[in-house]
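Visitor: I am new to protein structures and would like a close look at one topic, salt bridges. Please take me through it slowly, and then show me the surroundings.

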Amino acid sequence: QVQVVESGGGLVQPGGSLRLSCAASGRIFTVTIDVMAWYRQAPGNERELVASVNTGGSTNYGDFVKGRFTISRDSAQNMVYLQMNNLKPEDTAVYYCNVKARRAGLWFDYWGQGTQVTISS
């Protein structure tokens, strides 16, 4: 079984920064990780993509990021990070780490339990 655990959420004032971390562990050696990503979900909203990074280092960001966030990955440690700067109240949400992996031609989606990010003065 593969576990995905996020950390680094909290309460920050508008304009502040946070760095989220995500670690994939357990029987992660039984699969090949392809994409690691961050999603978020605010109350009453659908879950949306924040940022993703594939094994080649190519990144993709939600339109709302607008240069404020940076995703990075340590493939050797099966970790992914999200540096968030210039945070706004509308960034308040639960942030989820997602790992897309494959084994024997099958794809697997692993999710963490989420970490709360609250932007408020």
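Guide: Let's begin with the term itself: a salt bridge is a side-chain nitrogen of Lys or Arg within 4 Å of a carboxyl oxygen of Asp or Glu. Please keep in mind that you are looking at a predicted model.

Now try the definition on a pair of residues. D91 and R68 form a salt bridge, and their closest N and O atoms are 2.6 Å apart. That distance is within the limit of 4 Å, so the pair counts. Where do D91 and R68 sit along the chain? D91 belongs to the loop between β8 (79–84) and β9 (93–103), while R68 belongs to the loop between β6 (59–61) and β7 (69–74). The salt bridge therefore ties together parts that are 23 residues apart in sequence.

Are these two residues buried or exposed? A residue counts as buried when its relative accessible area is under 20%. D91 has 1% relative accessibility, so D91 is buried. R68 has a relative accessible area of 8%, so R68 is buried as well.

Next, find R40 and E48. Their side chains also meet in a salt bridge, with 2.8 Å from N to O. Here the two partners fall into separate classes. R40 is buried, because its relative accessibility is 7%. E48 is partly exposed, because its relative accessibility is 31%, a value in between the limits of 20% and 50%.

Now put the two pairs side by side. R40, E48, R68 and D91 are linked in a network of salt bridges. When you view the structure, it helps to display these four residues of the network together.

How many salt bridges are there in the whole structure? A search finds 4. One of them joins K100 to D109, with the closest N and O atoms 3.6 Å apart. That distance is also within 4 Å, so the pair fits the definition. Both partners are partly exposed: K100 has a relative accessible area of 25%, and D109 has 46%.

From here, let's move to another kind of link between side chains. The structure holds 1 disulfide, which joins C22 to C97 with an S to S distance of 2.0 Å. C22 lies in strand β3 and C97 in strand β9, so this pair ties together parts that are 75 residues apart in sequence. The torsion about the S-S bond is about -80°, which means that the disulfide is left-handed. Both C22 and C97 are buried.

Strand β3 also leads us to a sheet. In this open sheet, 4 strands follow the order β1-β3-β8-β7, and their pairing is antiparallel. β1 (2–7) and β7 are the edge strands, each of them pairing on one side only. From one strand to the next, the twist averages 15°. Strand β3 (residues 18–26) runs antiparallel to β8, and 6 bridges join the two. If you want a landmark there, look for R19, which stands opposite Q83 in β8.

Two residues on the edge strand β7 are worth a stop. T70 is found in strand β7, and T70 is partly exposed, with a relative accessible area of 44%. Leaving aside neighbours within four places in sequence, T70 is in contact with Y61, Y81, L82 and Q83. The C-alpha atoms of T70 and L82 are separated by 5.7 Å, although the two residues are 12 residues apart along the chain. D74 also has its place in strand β7, and D74 is partly exposed at 28%. Not counting residues up to four places away in sequence, D74 touches M79 and Y81.

Finally, step back and view the whole chain. The protein chain has 0 helices and 11 strands. Its C-alpha trace spans about 50 × 25 × 25 Å along the principal axes. A compact globule of 121 residues would have a radius of gyration near 14 Å, and the chain agrees, because its own value is 14 Å. Of the 121 residues, 39% count as buried, D91 being one of the buried residues we met. Among contacts between residues at least 6 apart in sequence, 54% join residues at least 24 apart.

Definitions and conventions. Residues are numbered from 1 along each chain as its sequence is written. This is a predicted model: local features need pLDDT of at least 70, side-chain atom pairs count only at pLDDT 80 or more; totals for chains, interfaces and linings use all residues. Side-chain values use heavy atoms; hydrogens and water are left out. Buried means under 20% relative accessible area, exposed over 50%, partly exposed in between (1.4 Å probe, protein chains only). Contact means heavy atoms within 4.5 Å. Two strands pair if DSSP finds at least two bridges between them. Axes are lines fitted to C-alpha atoms, for helices over the stretch in contact, and angles run from 0 to 180 degrees between N-to-C directions. A disulfide is a pair of cysteine sulfur atoms within 2.5 Å. The radius of gyration is taken over C-alpha atoms; the globule rule is 2.2 Å times the number of residues to the power 0.38.
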